[in-house]
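Me: Hey, I've just opened this one and don't know my way around yet. Can you walk me through it?

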Amino acid sequence: FYLSVMSSAEAFDESESKLIRKAKENPFVPAGRLTGCAGIVAYGLYKLKNRGNTKMSVHLIHMRVAAQGFVVGAMTLGVVYSMWREYFAKPKNQEK
C-alpha cells in the first residue's frame, strides 16, 4: 500500500512539473484558455440578461455550443502553429 501511495505522489509531482514546464514553453496557452473562458462567461451573462423570450435550456445549449466552438478553434490554431513551427521555422534553423 505504501509503495502505491508513493508512486502516485511521484506521478503527481512529475505531471505537475510537466504542466509547469509546458506553460513556460508556451505561456500563451494558459493565458488563451483563461481569456477564452472569461470571454465566454461574460458573453453568456450578457446574453442571459438580454435573452428575451428564449427558454433557459435553449440559452444553455447555445452557450455550450459556443464553448465547444472556442475549444475546437483553439485546438486548430495550436495545431497550425505547431505545424508552422515544425515545418517552416525549423528548416531555417537547421541550415545555419
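Here is a quick chat about the fold, the surface and the pocket.

Reply: Sure. Keep in mind that this is a predicted model.

Me: Okay, how many helices and strands does the protein chain have?

Reply: There are three helices and zero strands. Starting at the N terminus, the order is α-α-α.

Me: And what share of the residues counts as buried?

Reply: Just 4% of the 96 residues in the protein chain. The chain exposes about 8,600 Å², and carbon and sulfur atoms supply 67% of that area.

Me: Switching to pockets: what's the volume of the largest pocket?

Reply: About 750 Å³. Its lining is made of 21 residues, and the ones nearest the centre are Phe28, Val29, Arg33, Ala74 and Gly78.

Me: Which helices supply that lining?

Reply: α1 (2–25), α2 (28–49) and α3 (56–95) each supply at least two residues. The biggest share comes from α3, which gives ten.

Me: What about nonpolar versus polar and charged residues in there?

Reply: The lining of the largest pocket has 13 nonpolar residues, with four polar and four charged ones besides.

Me: Back to the outside. Which residues make the nonpolar surface patch?

Reply: That patch is made by Val79, Tyr81, Met83, Trp84, Tyr87 and Phe88, and it covers about 720 Å².

Me: Tell me about Trp84. Where does it lie?

Reply: Trp84 is in helix α3. Its relative accessible area is 47%.

Me: Why does Trp84 count as partly exposed, then?

Reply: Because 47% falls between the two cut-offs: buried is under 20% and exposed is over 50%.

Me: Got it. New topic: where's Lys47?

Reply: Lys47 sits in helix α2. Lys47 is partly exposed too, at 33% relative accessibility.

Me: How far is the C-alpha atom of Lys47 from that of Met63?

Reply: They're separated by 9.2 Å, while Lys47 and Met63 are 16 residues apart along the chain.

Technical notes: Residues are numbered from 1 along each chain as its sequence is written. This is a predicted model: local features need pLDDT of at least 70, side-chain atom pairs count only at pLDDT 80 or more; totals for chains, interfaces and linings use all residues. Side-chain values use heavy atoms; hydrogens and water are left out. On a 1 Å grid over the protein atoms alone, a cavity is a set of points where a 1.4 Å probe fits but cannot get out, and a pocket is an open set with protein on both sides within 12 Å along at least five of seven lines; lining residues have an atom within 4 Å of a point. Grid points are joined across faces, edges and corners, and a volume is the space filled by probe spheres set on the points. Helices (H or I, at least four residues) and strands (E, at least two) are DSSP runs, numbered from the N terminus. Ala, Val, Leu, Ile, Met, Phe, Trp, Tyr, Cys and Pro count as nonpolar, Asp, Glu, Lys and Arg as charged, and the others, Gly among them, as polar. Patches are made of residues with over 30% relative accessible area and no salt bridge: like charges are joined within 9 Å, nonpolar side chains (Val, Leu, Ile, Met, Phe, Trp, Tyr) within 5 Å. Accessible areas come from the Shrake-Rupley method with a 1.4 Å probe; for residues, only the protein chains shown count as cover. A salt bridge is a side-chain nitrogen of Lys or Arg within 4 Å of a carboxyl oxygen of Asp or Glu. Buried means under 20% relative accessible area, exposed over 50%, partly exposed in between (1.4 Å probe, protein chains only).
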